[in-house]
Amino acid sequence: MENKRIPFLDLQRVNDSFEPELSEAIGRVVRSGWYLRGEALRRFERDYAGYCGTDYCVGVGSGLDALTLIFLAYRQMGLMQEGDEVIVPANTFIATILAVERAGLKPVLCEPSSRTCNLEAEDVEELIGPRTRALLPVHLYGRVADMDGLMELARNYGLKLVEDAAQAHGAMYTHSDGTLARVGALADAAAFSFYPAKNLGALSDGGAVTTDDEELVDTVRALANYGSAEKYVHIYKGINSRLDEIQAAVLDLKLARLDEDNERRRRIAGHYLRGIDPDRVGVRIDLPAMQNHVFHIFPLFTPLRNQLQEHLHACGVATQIHYPIPPHCQQAFQFEYGSLSLPLTERLHREELSLPIFPQLTDEEVQRVIDAVNSFGAC
Ligand SMILES: *Cc1c(COP(=O)(O)O)cnc(C)c1O
């Protein structure tokens, strides 16, 4: 036990913790003879909308599709034209930016706040121009962006506000007036991913759109179903993007424990924050804050990132980097952003290191991670 490696994420342990109910739920769908657009999907959509506090939820095929469909729907609704601009954080997973382009819109990259790693209203405002139509904050790592500031901007400039909530299922946000609201209900629409490793993860790809906007939800639903709201009648050139019955049943089961799992993630983060001692290590290590956070990822930032990663590996602790190459430096975007310099984003990508943080980690494993970080430089 002493020398057993600590995995970054162990999905077998995660999913074993839902047995035997998980296999029973899957078995029920298999035996039902109905695999798409059925009772399990309707139930999950109702439960997830209720959980987020929105009027509607639509299950779709992935997080990328959820984002894309929101913007395709706004275009069908006549609110956005080809080439209109959407402001996105420069330090995000590439899907955020790809979705905007897939919808025929232009992503405008904004440097994040170095403190929160998220979009801040004052940086965003400088980028708003005559063709800006929407703001797309990402609740990166599970920490909710500064939504009050962004809501005010969106209202003042007549923009749509869309959440990329792929990393923040269940996160709560405290508004400046002290009221609480949940991610998914903080903007005009939100996109979720149920990729297996997310805080609410399926056993395959999956995603969802949440919103209170009835026209948007009807348009997303039709677009995700070949542009059809009525069988064999096609009003749009849609796509095929579905959350299947097995995934919907799995997600509905896991949803019942999401708050408890997120609380365990926050407790582990609290142990890391109390236990990791940058002074003892003797190099700068910036640690995340607890507010508005569900710790999909526990990121730390240090100029000696690669050395720390090697040290932790030697101590038997697996880590990951989110993300090694920022989108504007990717070959895929060399024509759009090849000459762009975003020093803050580039620094975050050079310095970020993610520690293991999934609910099934034991306290003993958490302590071993802390001891391993604190022994950096000492050996
Ligand atoms: C995972 C993720 C997505 C994409 O989700 P998929 O289900 O993999 O398509 C989008 N944005 C962010 C921030 C993500 O982390």
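How many nonpolar, polar and charged residues does the lining of the largest pocket have? Keep that question in mind while you open the structure, which is a predicted model, and begin the tour at the pocket itself.

**Stop 1: the largest pocket**

Select Q167, Y195, K198, H296 and Y323, which lie nearest the centre of the largest pocket among the 31 residues that line it. The elements that give two or more residues to this lining are α4 and α5, and α5 gives the most, with four residues. The space in this pocket comes to about 570 Å³. To return to the opening question, the lining divides by class into 17 nonpolar, 10 polar and four charged residues.

**Stop 2: the ligand**

Next, select the ligand together with the residues around it, which number 13 and of which G63, D164, Q167, S193 and K198 are the closest. Two of the contacts to look for involve the protein backbone: a polar backbone atom of G63 is 2.8 Å from an oxygen atom of the ligand, and a polar backbone atom of L64 is likewise 2.8 Å from an oxygen atom of the ligand. At S193 the contact comes from the side chain instead, where a polar atom lies 2.6 Å from an oxygen atom of the ligand.

**Stop 3: helix α5**

Now select residues 94–102, which form helix α5, the element that gives the most residues to the lining of the largest pocket. Within this helix, colour A95, T96, I97, A99 and V100, which are buried. If you then show the neighbouring elements, you will find that the buried residues of α5 pack against two helices, α4 (63–76) and α13 (334–337), and against the strands β2 (85–89), β3 (106–110) and β5 (160–164). Following the chain onward from α5 brings you to G104, whose phi is positive, near 80°.

**Stop 4: the largest cavity**

Rolling a probe the size of a water molecule over the atoms shows where empty space is left. The count of cavities of 30 Å³ or more comes to two, and the largest cavity has a volume of about 140 Å³. To find the largest cavity, select V14, K198, N199, D261 and R265, which are the closest to its centre of the 16 residues that line it. The elements that give two or more residues to this lining are α1 (11–16) and α10 (258–275), with α10 providing the largest share, three residues. By class, the lining of the largest cavity has nine nonpolar, three polar and four charged residues. K198 may already be highlighted in your viewer, since K198 was also one of the closest residues to the ligand.

**Stop 5: the second largest cavity and H349**

Which residues line the second largest cavity? Select N91, T92, L140, Y141, H322, Y323, L348, H349 and E352, and you will have its lining on screen, around a volume of about 40 Å³. This lining is made up of four nonpolar, four polar and one charged residues.

From that group, pick out H349, which is found in helix α14 (residues 343–351). Is H349 buried or exposed? H349 counts as buried because its relative accessibility is 5%, and buried means under 20%. Leaving aside residues up to four places away in sequence, H349 touches N91, R305, I321, Y323, P324, I325, P326 and P327. Y323, one of these contacts of H349, also brings the tour back to its start, as Y323 is one of the residues nearest the centre of the largest pocket.

Conventions:
Residues numbered from 1 in each chain as written. Predicted model: local features only at pLDDT ≥ 70, side-chain atom pairs only at ≥ 80, totals over all residues. Heavy atoms only, no water. Buried < 20%, exposed > 50% of the residue type's maximum accessible area, 1.4 Å probe, protein only. Contact = heavy atoms within 4.5 Å. 1 Å grid on protein atoms, 1.4 Å probe; cavity = no way out; pocket = protein on both sides within 12 Å on 5 of 7 lines; lining within 4 Å. Points joined across faces, edges and corners; volume = space filled by probe spheres on them. Nonpolar A, V, L, I, M, F, W, Y, C, P; charged D, E, K, R; others polar. Near = heavy atom within 4 Å. Polar contact = N/O pair within 3.5 Å; in protein donor to acceptor, adjacent residues only side chain to side chain.
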